[in-house]
Amino acid sequence: MSKVVFSNVSKRFPGAAGAAAGLAVNNLNLTIEEGTLVTLLGPSGCGKTTTLRMLAGFENPTGGSILIGGRDVTNVPVNARNVGMVFQSYALFPHMSVRENVEYGVRLLNLKRSEMKERVDSMLETMALTQYADRSPSRLSGGQQQRVALARAVATQPKVLLFDEPLSNLDAQLRERMRDELRTIQLRLGITSLYVTHDQSEAMAISDRVVVMRNGIIEQDDTPLNVYARPGTAFVAEFMGKANILNGTVEAIGDDSVQVRISASLVFSLPRGNRTFRLGEGVRCVVRPEHIRVDPQGSLQVTVRRVVFQGAYVEYLTDIEGQECVLADTDYIRTGVAETGQPIRLSIDSRPVWLLPNTQTEIRTAA
Ligand SMILES: Nc1ncnc2c1ncn2[C@@H]1O[C@H](COP(=O)(O)OP(=O)(O)O)[C@@H](O)[C@H]1O
Ligand SMILES: [Mg+2]
């Protein structure tokens, strides 16, 4: 068993400025279920690396405890935790061959020679590195080097695998391929993993759960689908991708739904859930650009303020009675591209519209 639990974990760097007076991580509670991959996602400085380093044992928490497989490792040194790490810089040994790099961690395990060779061979095979075994890492591509780093970490059969922005040094196409490879290998080996990135599409593509952090605090810990489509806060909505956050007013309250008016010609009918509403209450709706359709029969007329060609879609910047609104038109080849200043008609289906929880009154206290 190698479930990971962070329980009320904080890290204060003495004298450090920034978020909440030196609190890099603020009372973090997080569970990584056995065999799953959880991603810490958030802007630079939000506490991702510090959280990861505390799990590895490179930093000591100033409060709380960390468990791996039910064992409290809070005060256990790095080399006794059995975690593997993959860094952005690969940190390969340049004077060693690929095979020697992969052997490196395994050597410390005092295995029999034959057993060690078998393990390293199979690891090289898994990572498609067998043919490069005798090469120096400097003669490999970035993607191959990253695979060596992964092989070296996995060869020790760690309980937990940690990744700190491992793909940041690769170009966009390779990054996508490597991220799919990483995920395939992680699933195949079933290793409990904590992955750090500031790239939201990477996080959504590889994770069982995405933990969005901000200023040392967890904003939302949820499935990739939920952090994108059902964000708990405006910060999460905007961090996960382009989002229109439209202010509206509750106009009618039904048994199962509420009517929210955004403008004279735009009303959404949204599920009520178990939330209570007041007539006239101000609410915020999240509308993703890809859910707004250019539609000559649409009831909403807007003016195009700016056109940005993106290839897969054309982005129109408009406004709805003064509220900024961006939409992504994927059908532009058939219908043509509108120009700046031109009026266009839109329709917006209520179904993908997400009503933000009312968190304005929530007060967060420091740990
Ligand atoms: N060794 C350190 N000493 C002082 N402050 C630090 C140290 N490491 C990180 N911090 C601070 O802690 C906060 C979180 O940093 P970090 O965990 O590296 O963020 P991220 O990985 O999300 O970019 C930042 O404000 C950073 O400046
Ligand atoms: Mg970092």
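Two strands count as paired when DSSP finds at least two bridges between them. With that in hand, the pairing in this predicted model can be walked through strand by strand. Val38 sits across from Arg209 of strand 9. The two strands involved are strand 3, covering residues 37-41, and strand 9, covering residues 209-214, and they run parallel with four bridges between them.

That pair belongs to a wider arrangement. Six strands make up an open sheet, lined up as 6-7-8-3-9-10, and the pairing in it is mixed. The edges are taken by strand 6 (83-87) and strand 10 (217-222), each of which has a pairing partner on one side only. Ignoring direction, neighbouring strands here are turned against each other by 15° on average.

Helices pack on this sheet too. Helix 1 (residues 48-56) touches strands 3, 6, 7, 8 (192-197) and 9, and its direction makes about 150° with that of strand 7. Helix 4 also packs on the sheet, where it touches strand 6 and strand 7; the angle between its direction and that of strand 6 is about 170°.

Now for the nonpolar side chains. In soluble globular proteins, such side chains tend to be buried together. In this model the largest nonpolar core counts 34 residues, and Val102, Met127 and Leu150 have the most contacts inside it. At least two core residues come from each of helix 2 (98-107), helix 3 (113-126), helix 4 (142-155), strand 7 (160-164) and helix 5 (172-189). Helix 4 is the top contributor, giving seven residues to this core. So helix 4, which touches strands 6 and 7 of the sheet, turns up in both parts of the picture. Setting aside neighbours within four places in sequence, Met127 is in contact with Arg147, Leu150, Ala151, Val154 and Ile185. Another core, of 28 residues, lies apart from the largest one; Cys285, Leu327, Ala338 and Val353 are among its members.

There is also an open sheet of three strands, in the order 17-18-19, with antiparallel pairing. Strand 17 (306-309) and strand 19 (323-329) are its edge strands, each pairing on one side only. From one strand to the next, the twist averages 25°. Strand 18, residues 314-320, pairs with strand 19 in the antiparallel sense, and seven bridges join them. One of the residues involved is Glu315, whose bridge partner in strand 19 is Ala328.

Note on methods: Residues numbered from 1 in each chain as written. Chains lettered and ligands numbered in written order. Predicted model: local features only at pLDDT ≥ 70, side-chain atom pairs only at ≥ 80, totals over all residues. Heavy atoms only, no water. Core = buried A, V, L, I, M, F, W, Y, C linked by side-chain atoms within 4.5 Å. Buried < 20%, exposed > 50% of the residue type's maximum accessible area, 1.4 Å probe, protein only. Contact = heavy atoms within 4.5 Å. Axes fitted to C-alpha atoms, helices over the stretch in contact; angles between N-to-C directions.
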